[in-house]
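Biologist: Could you walk me through this one? I'd like to begin with a single strand and then move out to the whole chain.
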Amino acid sequence: MNLLPFGRLPVYSPRRFVPVDADLGNWDQIDPLFDRLELEAARCGGVGDLEKWLLDWSEVSAALEEDGARRYIAMTCQTDNADAERAYLQFVEQIEPRVKPRQFKLAQLYLEHPLRSQLPQPRYEVFNRNTRVQVELFRQENVPLETEQAKKGQEYQKLCGAMTVQFRGEEKTLAQMARYLEEPDRALRQEAWELVARRRLQDAEKMEEIFDALVALRETIAKNAGFKNYLEYAFRARGRFDYSPSDCLRFHDAVEKEIMPVLRDLQAERRSQLNVVTLRPWDLAVDPLNRPPLRPFERVEQMVAGTQKIFDSLNGELARNFQQMQDLRLLDLANRKGKAPGGYQSTLAESRLPFIFMNAVGVQRDVETILHEAGHAFHALATRSEDLLAYREAPIEFCEVASMSMELLGNEYLETFYPVPEANRARRDHLEGIIEFFPWMATVDAFQHWIYTHSGHTRAERTAAWVALMDRFGGDVDWSGFEGVRSNLWHRQLHIFLHPFYYVEYGIAQLGALQIWANSKANQAKAMQDYKRGLALGGSRPLPELFAAANCRLDFSAGAIRPLVDLVRAEWAKLN
Ligand SMILES: [Zn+2]
């Protein structure tokens with residue numbers, strides 16, 4: 001039974017190494033493929049053989065990756081289907097852990113290969129660099145620690161998922177409570193906010209325990225791999241070759257200097273529009289002019305048609321890409337019972353096709369999400385002709401440039417969904433969100449820099465470090481009476497628990513996206529060409545070159561941020 005939204009997909013590149021009918025959920029059929037790859041590595045007689053061997057290895061990896069992705073998609077599209085869940089877990093528990101050491105072995109064979117030095121350069125420069133790190137960091141004794149880390153992460157998610165409150169006689173999840181923060185009635189907002197805040201505080205002690213355990217595990221993992229602390233390890237493991245921890249600290253300073261004044265202005269304007277003496281934490285999500293929420297569409301087909309029209313206006317090639325995704329049913333967009341929450345884009349590595357998943361309900365946020373995920377999808381399609389799997393995947397800092405640019409560029413055509421005044425309101429809200437994001441990003445990132453360079457810290461010291469960052473980046477919000485909530489606010493940031501140091505990437509990428517948007521204001525056709533040129537490189541070049549190809553710079557200094565902030569301010573003035 002096919003549990004996927006799409007049917008049989010066109011074959012992009014016929015298999016020449018993996019048997020066409022191979023069952024990739026069966027380890028007995030996968031194991032011999034790795035045996036063969038190991039044997040053939042030894043048999044390479046010339047550099048051409050080695051390049052062919054790399055493509056065979058890519059083929060195996062892509063086939064496995066796609067099989068895993070298909071199982072994940074089927075599961076998230078129907079979480080209530082036991083077969084789909086079983087198929088996914090079988091892959092995660094039986095296949096992936098066995099694949100890992102075999103992939104590591106191939107990486108080792110490659111690095112030690114006598115013909116490797118004869119491979120054409122710079123073609124293999126980035127591949128060599130990434131493979132070297134993979135081998136350098138691998139420690140058998142860290143494997144159980146990583147499993148333990150994943151389990152602690154699961155515990156955190158379970159704890160968060162189980163939190164509910166009783167609101168007006170009904171049990172509600174915290175996600176369901178978020179909409180009350182958009183209600184014009186201030187007393188209602190406060191009631192909802194306090195209820196959620198108090199519920200979170202009940203589990204604060206458990207959160208701290210989980211986090212203490214995670215920090216201890218991470219410090220051990222770093223030590224085992226020969227690093228002085230987890231900060232140094234994480235930068236290496238995340239493949240951050242082109243910027244350093246101190247660059248990130250300078251980024252935080254630049255946010256403080258260039259963005260905080262804008263944030264304070266926004267907060268002052270909100271305060272006066274809401275006509276309140278001080279802004280309280282429950283005043284931040286409501287429309288300051290008390291207008292009802294924007295409603296861009298009723299049915300998902302309208303959202304798809306409107307999005308298609310946006311791409312038709314933007315660029316012919318992107319428009320054809322999005323149409324192709326519709327034709328192949330590579331979109332599952334409507335919210336319905338049994339679907340996993342959230343949205344994502346997933347790439348089917350062997351078919352070299354993207355898939356988009358989301359839960360559209362008819363709010364402006366849905367339009368932003370489809371534009372964002374479509375940006376990721378265009379990235380996947382732009383690298384289709386690249387045969388080396390590793391180069392079809394770009395570093396995350398640039399992946400998010402592809403998606404965040406598309407939000408900004410697509411927003412120029414929001415009139416497909418709204419009359420002009422409402423389109424302007426949506427654009428303004430989007431830009432406001434971008435400004436508000438930077439200080440929070442800096443807070444989350446700087447906090448982690450502190451944590452992983454202060455080994456042996458106490459919980460009280462950790463809290464003090466967080467509070468100091470809230471003072472620095474929180475702006476003018478009145479938390480009086482809720483100091484305990486404020487000092488534990490980081491408990492709700494999943495990345496701190498599950499994906500350490502993964503957050504600054506969004507800040508770096510947003511700067512790239514703003515530059516591409518600025519370029520498009522000057523010359524849209526050229527900006528689109530540059531955008532596509534950057535995407536087409538995939539992961540084949542170092543990060544600064546990917547930025548450069550898209551005609552923007554990897555630079556997070558105050559000097560680089562300033563003109564972008566000026567542009568946002570100028571745009572605001574026009575939208576009012
Ligand atoms: Zn994204």
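Modeller: This is a predicted model, and a good place to begin is strand β5, where Leu353, Phe355, Phe357 and Asn359 on one side are all buried, as are Pro354, Ile356, Met358 and Ala360 on the other, so that both faces are covered.

Biologist: And how many residues of β5 are buried in total?
Modeller: Eight of the eight residues in β5, which spans residues 353–360, are buried, and therefore the strand is largely enclosed by the rest of the structure.

Biologist: Which way does β3 run against β5, parallel or antiparallel?
Modeller: Strand β3, made of residues 331–334, pairs with β5 in the parallel sense over three bridges, and within this pairing aspartate 332 stands opposite phenylalanine 357 of β5.

Biologist: What about β4 and β5, how many bridges there?
Modeller: Strand β4, residues 344–348, is joined to β5 by five bridges, and these two run antiparallel; glutamine 345, for instance, has isoleucine 356 in β5 as its bridge partner.

Biologist: Which residue in the turn between them has a positive phi?
Modeller: That is arginine 352, with a phi of about 60°, and it lies in the turn of the hairpin that β4 and β5 form with four residues between them.

Biologist: Changing topic, how many helices and strands does the protein have?
Modeller: The protein has 23 helices and five strands. Its radius of gyration is 24 Å, close to the 25 Å that the globule rule gives for 576 residues, so the protein is as compact as a globular protein of that length.

Biologist: And what share of the residues is buried?
Modeller: Of the 576 residues, 54% count as buried.

How values were computed:
Residues are numbered from 1 along each chain as its sequence is written. This is a predicted model: local features need pLDDT of at least 70, side-chain atom pairs count only at pLDDT 80 or more; totals for chains, interfaces and linings use all residues. Side-chain values use heavy atoms; hydrogens and water are left out. The radius of gyration is taken over C-alpha atoms; the globule rule is 2.2 Å times the number of residues to the power 0.38. Buried means under 20% relative accessible area, exposed over 50%, partly exposed in between (1.4 Å probe, protein chains only). Two strands pair if DSSP finds at least two bridges between them.
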